[in-house]
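Me: Please give me a close look at the aromatic rings in this protein. I am a first-year student, so short explanations of the terms would help.

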Amino acid sequence: MGCSVFAETDISGKLDTNLGTYFPWSEGGADLSAAEVCVRPAIDSYWGSHSLFINGSIVFDALGTRNSRNVYGDTTGTPCLGTRLNEAYYDYNGGWWAFRAGRQIVQWGAADNFTVTNVICPDDKTRLSGNDISDSKLGIDAFRFSVNSNYIIADAYWVPRFTPAELPLAKNNPLYRKIVPQNADLTKAGLGVLKINDFGCNDLTAPKFSLKNGEYGLRVSSFFSFADFSLYGFYGWDDDPFIGYDVETVPDVMNYEAAPGVFIPVPYNRPASIRLSGNYKRFGMIGADSSIPVGPVTVRLEGAFYPQRYFARSAESQMTQIFDYYKSSRKTEGADVTRTERHNQAAGVIGIDWMAGDLTVSAQYYADYVFGDVKNLERENLNQQISFNLSFSALDGNLEAGISGIVEFPSFDSAIIPSVSYSVSDELTVKASAMLFNRGVKDTGSYSRYKDLSSFNLGLSYSF
């Protein structure tokens, strides 16, 4: 079973600095978009069949744009020094079986950038990009039991406590204004422009920590010389909240003309602002993926089916129900509002990777389809995107340059990311990149909302 002291302990880590600025034509007008220093220490200890791994982040965020919950600090949106425990788990390897308990980051699926089967870990959405997986994914507190043979590995997960996605709810985070507008124009409804109240973590209702609210996952993988295959199953909670819209009223007086020239003051409740709230819904997923090498090309396939998944109804749909009730009752409290609908959903990715010397080319096609009538949803039935990545290395691999991007159809909005990095030594790397967002032809796509946030970034990365 091993001895009572660590046979070996490795301490490593990385220090990243990131300084970014918006382009002059962007909404930020050449202001800073990022100013961070992040230290990621890691401890890996193992003795016999046992091991312990701990990985965390210590972040100084000079702009205070990422302080939306308790992940990196407070919610004041001021410069702060915050911490995050990314992973901290214990492993036992019993040969044909293994056990892991603690906070862990789990990656499912064969696709890059697109979520098809990779639903077990939530995302950190407080900024548009992350330096690595531990910066873009949040760890889950889970138990994993594994069995394996020569060709098959099965992993069963129990996640007793739900971890939601981290949203950009710090008020000075530029992404906050993209997900929470300042006001709603209801002139057509005769109500003018209503202010939208501040939206924060206190407006989100997460599932309580209890046995019945746990999440469950299963992955069965097989590895052969001609291909790799995996099957997935998951039953848990959507990581993103479903947003509800409510109208708040204030007492007011209207002059009712009881007779020609005779007005009587009548008290009533006047719509004054809109309050947002959010909660989370259950969903299930079954999926599969495969990676098939064909000479110098690797073909990646991934697909998933979500039976009767919840989808949020649009703000317009919810507000229409509220105001129809208001017209007859002169109040908004008690309105019976349908906030979500359930539809079957299918999603899939097909991708290829090609390597020729120092050149690597990747491309993917992604599509997801929601079945049924979606006129009350904030999306179309079919969503399609393509992604690409072209990278080239030189100077014995010390210099790497590339360009990647995602284009959405039919709106043709896009995100293009050129980058270059140079390894000064084995430990020190200098990086530069840009994020360029295009509104497309309809200005309604996922990336068009960021069209005013194109930016340029410089960074240093030191491994120790």
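Reply: Here is a walk through the rings, ending with a patch on the surface. Please keep in mind that this is a predicted model, where local features need pLDDT of at least 70, side-chain atom pairs count only at pLDDT 80 or more, and totals for chains, interfaces and linings use all residues. Residues are numbered from 1 along each chain as its sequence is written, and side-chain values use heavy atoms, with hydrogens and water left out.

Let's start with the pairs. Searching the whole structure gives 19 aromatic pairs. One of them joins Tyr369 and Phe371, with 5.0 Å from centre to centre and 80° between the planes, an edge-to-face arrangement. Those two values are given because a pair of aromatic rings is described by the distance of the centres and the angle of the planes. To pair, rings of Phe, Tyr and Trp (its six-membered ring) need centres within 6.5 Å; planes under 30 degrees apart are stacked, those over 60 are edge-to-face, and the rest are tilted.

How exposed are these two residues? Tyr369 is partly exposed at 34% relative accessible area, and Phe371 is partly exposed as well, at 38%. Buried would mean under 20% and exposed over 50%, with partly exposed in between (1.4 Å probe, protein chains only).

Rings can also be linked into a group. Trp108, Tyr157, Tyr232, Phe234, Phe283 and Tyr306 form a cluster through ring pairs. Tyr306 has a charged partner too: Arg309 lies over the face of its ring, 4.3 Å from the centre. Elsewhere, Arg100 lies over the face of Tyr89, 3.9 Å from the ring centre. A charge counts as over a ring if NZ of Lys or CZ of Arg is within 6 Å of the ring centre and within 35 degrees of the ring normal.

Finally, some aromatic residues help to make a nonpolar surface patch. Phe60, Tyr462 and Phe464 are among its members, with Leu15, Val37, Ile58 and Leu81, and the patch covers about 630 Å². Patch residues have over 30% relative accessible area and no salt bridge; nonpolar side chains (Val, Leu, Ile, Met, Phe, Trp, Tyr) are joined within 5 Å, and like charges within 9 Å. A salt bridge is a side-chain nitrogen of Lys or Arg within 4 Å of a carboxyl oxygen of Asp or Glu. Accessible areas come from the Shrake-Rupley method with a 1.4 Å probe, and for residues only the protein chains shown count as cover. Leu15 is partly exposed, at 31%, and sits in strand β1, residues 8-22. Strands (E, at least two residues) and helices (H or I, at least four) are DSSP runs, numbered from the N terminus.
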